[in-house]
Each structure stands twice: as C-alpha cells, then as structure tokens.
Amino acid sequence: MRVPWVAPDRAASPVRRIKRAALAGLLGRVASQWQGRVRWNDGLGSVFDLGTLPPYLEDLHYQQILAVMPTELPVHELMVHPVADAGAMKGFTRVGQVGFAEFEYLRKGRLAAVANEAGFRIGSYRDLW
C-alpha cells in the first residue's frame with residue numbers, strides 16, 4: 001500500500017512545516033492501525049519536495065530529493081508521473097509540464113545510478129513481498 005509520507009522540508013515556512021507535521025502525525029496514527037497486516041513504503045519523495053519546480057530535471061534534483069531520505073529505512077518510493085505529451089494532459093491534471101520533465105529525465109536512464117550513489121537501489125512493489 002502506498003503511504004504518502006511527508007518528506008522533511010527544512011526550507012519550508014513555519015506554517016508549511018506545521019501542516020506537514022500534522023499530516024505526518026495523522027499518517028503515522030493511521031498506519032499504526034495496520035502495522036504487521038499490510039506492507040507499505042517507509043518514505044516518499046517527488047520533485048514537488050524541491051519547492052520551486054524547475055523547467056527541466058537533472059541528476060542534481062534527484063540527488064536533493066534522495067538526500068533527505070534516510071537510507072536505514074528499507075523502502076522509499078520516488079513518485080513520478082511521466083507524461084510524454086504535456087499538452088494532451090491539459091484539463092485533466094496540473095502535473096502535465098512536471099510530468100513531461102520527469103519523462104524526459106527518465107528517458108536518460110540515469111535514475112538508477114543516482115539512486116545507487118545515494119545508497120538506494122531501484123525496486124518495485126514486487127520487492128515488498
């Protein structure tokens with residue numbers, strides 16, 4: 001099961017930090033009810049954790065995302081929504097341009113190397129079983 005854990009954001013405003021802390025507390029309470037009965041990710045990160053979204057993505061952006069994920073926790077999800085045609089998504093979602101930037105980055109095939117350098121390996125939900 002995907003748990004949308006809140007990544008630490010040291011640069012966030014005090015109000016945003018309070019909101020993120022409240023969400024993290026609620027998620028923790030709900031997840032504890034299912035502990036031992038359902039498997040889920042231990043962390044979640046995405047380009048939205050960068051704050052200001054860049055027009056294109058490069059290794060440095062994913063290094064920043066992964067840098068706040070503790071490597072001692074076994075399963076982190078790196079959420080992406082790759083979109084090959086941002087224009088086709090207009091009116092359906094607000095992540096069209098971001099998804100296109102993710103699509104372009106993923107096509108480079110560098111994510112696994114960046115993850116390995118940060119102490120992670122790319123897996124899938126199949127690895128949870």
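Mentor: Let's start with a rule: a charge sits over a ring if NZ of Lys or CZ of Arg is within 6 Å of the ring centre and within 35 degrees of the ring normal. In this predicted model, Arg37 meets that rule, lying over the face of Trp34 at 4.6 Å from the ring centre.

Trainee: Before we go on, how confident is the prediction, and what is the mean pLDDT of the protein?

Mentor: The mean is 84, and 91% of the residues reach 70 or more. Confidence is lowest in helix α1, residues 14-34, with a mean of 80. It is highest in helix α4, residues 111-117, at 95.

Trainee: How do I read the length of a helix, say α1, from its first C-alpha to its last?

Mentor: Compare the span in the model with the one expected at 1.5 Å a residue. Helix α1 has 21 residues and reaches 31 Å, close to the expected 30 Å. You can try the same on α3: with 12 residues it should span 16 Å, and its end C-alpha atoms are indeed 16 Å apart.

Trainee: Which residues of α1 are buried?

Mentor: A residue is called buried when its relative accessible area is under 20%, and exposed when that value is over 50%. In α1, the buried ones are Arg20, Leu27 and Ala31. Looking down the axis of α1, you would find them within an arc of 35 degrees, so they line one face of the helix.

Trainee: And which exposed residues are on the face turned away from the buried side of α1?

Mentor: There you find Pro14, Val15, Ile18, Arg29 and Gln33. After α1 comes Gly36, which has a positive phi, near 85 degrees. There is a similar point to look for elsewhere: just after α3, Gly109 has a positive phi of about 75 degrees.

Trainee: Which residues are buried in α2?

Mentor: They are His61, Tyr62, Ile65 and Leu66. Down the axis of α2 they fall within an arc of 130 degrees, so these residues also line one face of their helix. To see what that face meets, follow the contacts: the buried residues of α2 pack against β1 (43-45), β2 (76-78), α3 and α4.

Trainee: Could we follow one of them? What is His61 in contact with, leaving aside its neighbours within four places in sequence?

Mentor: His61 is in contact with Leu50, Pro54 and Tyr56. Its relative accessibility is 13%, so it counts as buried. You can also compare sequence with space: His61 and Ser46 are 15 residues apart along the chain, and their C-alpha atoms are 9.7 Å apart.

Trainee: How many aromatic pairs does the structure hold?

Mentor: Two. One of them joins Tyr62 and Tyr105, whose rings are 4.6 Å centre to centre with 25 degrees between the planes. Planes under 30 degrees apart count as stacked, so this pair is a stacked one. The pair links distant parts of the chain, since Tyr62 is in helix α2 (residues 59-67) and Tyr105 is in helix α3 (residues 96-107), 43 residues apart.

Trainee: Are these two tyrosines buried or exposed?

Mentor: Buried: Tyr62 has 0% relative accessibility, and Tyr105 has a relative accessible area of 1%. Tyr105 is one of the buried residues of α3, along with Gly96, Val98, Gly99, Ala101 and Glu102. As a group, the buried residues of α3 pack against α2 and α4.

Trainee: What about a strand? Where does Glu77 lie?

Mentor: Glu77 lies in strand β2. At 9% relative accessibility, this residue counts as buried. Setting aside neighbours within four places in sequence, Glu77 is in contact with Arg2, Asn41, Gly43, Leu44, Gly45, Met69 and Tyr125.

Trainee: And Ala84: is that residue buried or exposed?

Mentor: Exposed, with a relative accessible area of 53%. You will find Ala84 in the loop between β2 and α3. Not counting residues up to four places away in sequence, Ala84 touches Phe100 and Phe103. The C-alpha atoms of Ala84 and Ala101 are 9.0 Å apart, with their positions 17 residues apart in sequence numbering.

Conventions: Residues numbered from 1 in each chain as written. Predicted model: local features only at pLDDT ≥ 70, side-chain atom pairs only at ≥ 80, totals over all residues. Heavy atoms only, no water. pLDDT = per-residue confidence, 0-100. Helix = DSSP H or I, 4+ residues; strand = E, 2+ residues; numbered from the N terminus. Expected span 1.5 Å × (residues − 1). Buried < 20%, exposed > 50% of the residue type's maximum accessible area, 1.4 Å probe, protein only. Arc of directions from axis to C-beta. Phe/Tyr/Trp six-rings, centres within 6.5 Å; stacked < 30°, edge-to-face > 60°. Contact = heavy atoms within 4.5 Å.
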